Amino acid sequence: MAEHDGRTAAHDMFDADVASKGLGIELVSAGDGAAVARMRVTPAMLNGHAIGHGGFVFLLADTAFALACNSHGPATVAAGGEISFLRPVREGDLLEARATERVRYGRSGIYDVTVWRDGEVVAEFRGRSRTLSRDVRADGAG
């Protein structure tokens, strides 16, 4: 999709992203290999230590990563990702994940995502992407 109206292929992908939207993740911006997504930590996201479960922080970072690498079109998926948790998050925290493209080469790419809370970094994520040679939704996969 052309970016003539500010929308990118990432916006179309997010419109169909039931998992991210079900957790209350919001797309703030996406374009030119970058993206920003937000999520409020809810009581259902707390672990046994009464802090935010790392899986939810990873999911927010992964969503921002997916938005950034799909902002160019065509369909691109994660080939891998890792995260470092730097500070705990708590119920009510509003997290913002900012993804930036580091490099694209052939059908592969590397993206960095920083997860923030009130101006403080709580996690750092690095994702590796792979652009598909076919539409994953065409065969029901994905």
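From the N terminus on, the elements of this protein run α-α-β-β-α-β-β-β-β. That makes three helices and six strands. Helices (H or I, at least four residues) and strands (E, at least two) are DSSP runs, numbered from the N terminus. The model is predicted: local features need pLDDT of at least 70, side-chain atom pairs count only at pLDDT 80 or more, and totals for chains, interfaces and linings use all residues. Residues are numbered from 1 along each chain as its sequence is written, and side-chain values use heavy atoms, with hydrogens and water left out.

Start with the overall form. The C-alpha trace spans about 45 × 30 × 25 Å along its principal axes. The radius of gyration is 15 Å, which agrees with the value near 14 Å for a compact globule of 142 residues. This radius is taken over C-alpha atoms, and the globule rule is 2.2 Å times the number of residues to the power 0.38.

Now look at inside and outside. Of the 142 residues, 38% are buried. Buried means under 20% relative accessible area, exposed means over 50%, and partly exposed lies in between (1.4 Å probe, protein chains only). The protein exposes about 7,500 Å², and carbon and sulfur atoms supply 51% of that area. Accessible areas come from the Shrake-Rupley method with a 1.4 Å probe; for residues, only the protein chains shown count as cover.

Charges come next. There are 16 positive and 19 negative charges, and their mean positions are 4 Å apart. Lys and Arg count as positive, Asp and Glu as negative; His and the chain ends are not counted. Each charge is placed at NZ of Lys, CZ of Arg, CG of Asp or CD of Glu.

How does the chain meet itself? Take the contacts between residues at least 6 apart in sequence: 60% of them join residues at least 24 apart. Contact means heavy atoms within 4.5 Å.

The largest nonpolar core has 28 residues. Such a core is a set of buried Ala, Val, Leu, Ile, Met, Phe, Trp, Tyr and Cys residues joined through side-chain atoms within 4.5 Å. Those with the most contacts inside it are Val57, Leu60, Leu67, Leu95, Val113 and Val115. The elements that give two or more residues to this core are α1 (9-15), β2 (34-40), α3, β4 (94-105), β5 (108-117) and β6 (120-131). Helix α3 gives the largest share, eight residues.

Follow Val115 first. Leaving aside neighbours within four places in sequence, Val115 is in contact with ten residues' worth of partners, including Val57, Leu60, Leu95 and Val122. Leu67 sits in helix α3. Its relative accessible area is 0%, so Leu67 is buried. Not counting residues up to four places away in sequence, Leu67 touches Ala10, Met13, Phe14, Leu27, Ala30, Ala35 and Ala37.

Phe14 takes us to helix α1. Phe14 counts as buried because its relative accessibility is 7%. Phe14 and Leu67 are 53 residues apart in sequence, yet their C-alpha atoms are 7.4 Å apart in space. Beyond neighbours within four places, the contacts of Phe14 include Ser20, Ile25, Thr63 and Leu67.

Thr63 lies in helix α3 (residues 54-70). At 5% relative accessibility, Thr63 counts as buried. Outside the residues up to four places away in sequence, Thr63 touches Phe14, Asp17, Ser20 and Ile25.

Loops matter for this tour too. Val89 is found in the loop between β3 and β4. Is Val89 buried or exposed? With a relative accessible area of 4%, Val89 is buried. Neighbours within four places aside, Val89 is in contact with residues including Val41, Ile51, Val57 and Leu95. The C-alpha atoms of Val89 and Arg40 are separated by 10 Å, and the two residues are 49 apart along the chain.

Finally, check the backbone. Most residues other than glycine have a negative phi, and most peptide bonds are trans. Which kind of peptide bond runs from Gly73 to Pro74? This bond is cis, with omega near -25°. Pro74 is placed in the loop between α3 and β3 (76-85).

Asp32 is not a glycine, but its phi is positive, about 55°. Asp32 lies in the loop between β1 (26-31) and β2. Its relative accessibility is 64%, so Asp32 counts as exposed. Ala50 is a residue other than glycine with a positive phi, near 65°. The loop between β2 and α3 holds Ala50.
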